[in-house]
Amino acid sequence: QVQLVESGGGLVQAGGSLRLSCVASGFIFSINSMGWYRQAPGMQRELVASITSDGSTDYADSVKGRFTISRDNAKNTVYLQMDSLKPEDTGVYYCAPGGETYSGGRYYFTDKTFGGDWGQGTQVTVSS
């Protein structure tokens, strides 16, 4: 079974930084794309960053230039470095594996979370 354990969240002031970690098990990590999602209070989950098995990355416009996703396959871990944090970044952050599709010469992350279980997530709170 897929298990995902997120950590690294906390309370920071606007402009601060956090690094989130997600340790995965129950699937072959190295051949899967991974995504970071967040859920703000009263909102639905949204994908904020993704990384394919070959290292291609994508970001939501709202975090582009501030967040960096990376992975360490030897540790079955995906990271999210968050810099220049804003109050609107507040929410619970989750990781999840995804699929991949090929288009225009590169692979892209595809969402495969429909109806699935999520980890406990890690809370990020950014104060103004």
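A strand here is a run of at least two residues that DSSP marks as E, numbered from the N terminus, and two strands count as paired if DSSP finds at least two bridges between them. With that in hand, take β4 and β5: they form a hairpin with six residues between them. Keep in mind that you're looking at a predicted model. Below is a quick tour of a sheet, the β4 neighbourhood, the nonpolar core and the salt bridges.

**An open sheet**

- One sheet is open and has four strands, in the order β1-β3-β8-β7, with antiparallel pairing.
- Because β1 (3-7) and β7 (67-72) each have a single partner strand, they stand at the edges, and one side of each has no neighbour in the sheet.
- On average, neighbouring strands of this sheet are turned by 15° against each other, direction ignored.
- What holds strands like these together? Strands of a sheet pair through backbone hydrogen bonds, either parallel or antiparallel.
- Zoom in on β1 and you'll find five bridges joining it to β3 (residues 18-25), with the two running antiparallel.
- Gln3 is a handy spot to look, as it stands opposite Ser25 in β3.

**β4 and its partners**

- Is β4 enclosed or open to the outside? Six of its seven residues are buried, so β4 is largely enclosed by the rest of the structure.
- On the β9 side, β4 pairs in the antiparallel sense over seven bridges, and Trp36 has Cys95 in β9 as its bridge partner.
- With β5, the antiparallel pairing runs over five bridges; here Gly35 is partnered with Ser50.
- In the turn of the β4-β5 hairpin, look for Gly42, which has a positive phi of about 75°.

**The nonpolar core**

- The largest nonpolar core has 26 residues, and Met34, Trp36, Val78, Leu80, Met82 and Tyr93 are the ones with the most contacts inside it.
- Several strands chip in: β3, β4 (33-39), β5 (46-51), β7, β8 (77-82), β9 (91-103) and β11 (122-127) each supply at least two residues.
- Which strand gives the largest share of this core? That's β3, with four residues.
- Tyr93 makes a good case study: leaving aside its neighbours within four places in sequence, its contacts include Leu20, Trp36, Val48, Phe67, Leu80, Met82 and Val124.
- Tyr93 also touches residues such as Glu6, Arg38 and Thr122.

**Salt bridges**

- How many salt bridges does the structure hold? There are five.
- Arg38 and Asp89 meet through their side chains at 2.9 Å, N to O.
- This pair links distant parts of the chain, with Arg38 in β4 and Asp89 in the loop between β8 and β9, 51 residues apart.
- Asp89 also forms a salt bridge with Arg66, where the closest N and O atoms are 2.7 Å apart.
- Since Arg66 lies in the loop between β6 and β7 and Asp89 in the loop between β8 and β9, the pair ties together parts that are 23 residues apart in sequence.
- Arg66 has 10% relative accessibility, so it counts as buried; Asp89 is buried too, with a relative accessible area of 1%.
- Put these together and you get a network of salt bridges linking Arg38, Glu46, Arg66 and Asp89.
- Elsewhere, Asp58 and Arg106 meet in a salt bridge at 2.5 Å, N to O.
- Asp58 sits in β6 (residues 57-59) and Arg106 in β10 (residues 106-110), 48 residues apart.
- Why is Asp58 called partly exposed? Its relative accessibility is 28%, and partly exposed covers the range between the buried limit, under 20%, and the exposed limit, over 50%.

Technical notes. Residues numbered from 1 in each chain as written. Predicted model: local features only at pLDDT ≥ 70, side-chain atom pairs only at ≥ 80, totals over all residues. Heavy atoms only, no water. Axes fitted to C-alpha atoms, helices over the stretch in contact; angles between N-to-C directions. Core = buried A, V, L, I, M, F, W, Y, C linked by side-chain atoms within 4.5 Å. Buried < 20%, exposed > 50% of the residue type's maximum accessible area, 1.4 Å probe, protein only. Contact = heavy atoms within 4.5 Å. Salt bridge = Lys/Arg side-chain N within 4 Å of Asp/Glu carboxyl O.
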